[in-house]
Amino acid sequence: MSMDIAFALLHCNNTARKRFALPETFTVKKVESRILKIGKPYSPIAVLPTPNMLQYKSSAPLTIYSGGIEKVIAVYYIDFLDKKQYRSIISSAIANSNFLKGSKKHRFLDKSQKKSPLNRVTVILIFAKQVEASFRDDLFKTVCQNSEDGVDTAKIPCVVDLEKQFATFDSLRFPYAGLQYPVKNRGIRIVRKCLFNGKLTFADSPDMVDPIKDMDPEQSLWNFWSTMKKELILVEKDTKKRIEKMKHKELAFEDGYLYLKWEERGVWLSVEIEGETKIAEIDAINSWYYPKSNKISKETIKELKMIISSYFTELGYTSKFRSND
């Protein structure tokens, strides 16, 4: 399973580029025509600069992980693009996207779907006749900033440099593991469909993204399997040794993982910190990790949650525990 995820990461990395050459058949009119087929046009709000096109589509969820799937496409035409103008466009697009949030209500949702968040992606297409030279050098780094979590929400700015005939956007997809489909991937599919008619120009786009650290694609499959197995076993041994040395009710939080000792047992949980919302999202508490996997009683789960919530409250965060289902 770990190898499958690693291969998926490698595939996503190898199929991403810092920028893609526009196809020979590219025209702005063709792009506009494809955009109009996605959802319906909406009138922009009174925020400058005003998008030249604003499309919105909301689809009913197919899984329990969302209460709806929303896609927003905001299109801007500009003669000369610099960093200041880019920021103004992004602010405008986000304001328009937020205004459209929840515009379409879906019926016949089950209880889990009603409680789940909307999955939203905002694609921002900026057609620039010219791009400031110094800004062009930092363009890929800029479009990758503040792109949100990529799973429930995503923002995909795409700068189409009409002078150089390149499109720059964050094309690094998230691996799909069969559960919730990342909305960032949906946004990348929109860019691919509208600008490239579904076929990215890999042969004409040599600017690869940075390679994955500590992963050599040239190593043998056997060496890769052996190394990963050793690392996983080592992590498990180190984690259990750490919990073993802890005292009753002692809690530690490092590198996105929470360690908590309860009498002679312990849990090891993954935690995601949202800086803007001040929310700490914590793994579901179902089974002990140490010394072996056994189901935790409901009474003990409540006490563990109280300890964890108090810890993050002192740090200024609200605790949100994932479902136990």
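In this predicted model, helix α2 spans residues 28-35, and Val 31, Arg 34 and Ile 35 are its buried members. Viewed along the axis of α2, these buried residues fall within an arc of 100 degrees, so they line one face of the helix. The general geometry of helices is a helpful companion here: an α-helix has 3.6 residues a turn, so residues three or four places apart point the same way. As for what this face meets, the buried residues of α2 pack against three strands, β3 (53-59), β4 (69-81) and β5 (119-131), and against helix α7 (183-196).

The strands that receive α2 lead naturally to the sheet. Seven strands form an open sheet with mixed pairing, and their order is β1-β7-β6-β5-β4-β3-β2. At its edges lie β1 (20-21) and β2 (40-41), each of which pairs on one side only. Within the sheet, β3 and β4 run antiparallel to each other and are paired over seven bridges. Ser 58 offers a handy point of reference, as this residue stands opposite Glu 70 in β4.

The loop between β3 and β4 holds Gly 67. With a relative accessible area of 11%, Gly 67 is buried, because the cut-off for that class is under 20%. Leaving aside residues up to four places away in sequence, Gly 67 touches Pro 61, His 106, Leu 109, Gln 113, Ser 116, Pro 117 and Leu 118. For a sense of scale, the C-alpha atom of Gly 67 is separated by 31 Å from that of Phe 7, a residue 60 positions away along the chain.

Attention can now turn to empty space, which is revealed by rolling a probe the size of a water molecule over the atoms. The second largest pocket has a volume of about 340 Å³. It is lined by 14 residues, and those closest to its centre are Ala 6, Met 215, Phe 224, Met 228 and Glu 231. Two helices, α1 (2-14) and α8 (221-245), each supply at least two residues of this lining. The largest share comes from α8, which provides five residues of the lining. Readers curious about the chemistry of the second largest pocket will find eight nonpolar residues in its lining, together with three polar and three charged ones.

Technical notes
Residues numbered from 1 in each chain as written. Predicted model: local features only at pLDDT ≥ 70, side-chain atom pairs only at ≥ 80, totals over all residues. Heavy atoms only, no water. Buried < 20%, exposed > 50% of the residue type's maximum accessible area, 1.4 Å probe, protein only. Helix = DSSP H or I, 4+ residues; strand = E, 2+ residues; numbered from the N terminus. Arc of directions from axis to C-beta. Contact = heavy atoms within 4.5 Å. 1 Å grid on protein atoms, 1.4 Å probe; cavity = no way out; pocket = protein on both sides within 12 Å on 5 of 7 lines; lining within 4 Å. Points joined across faces, edges and corners; volume = space filled by probe spheres on them. Nonpolar A, V, L, I, M, F, W, Y, C, P; charged D, E, K, R; others polar. Pairing = 2+ DSSP bridges.
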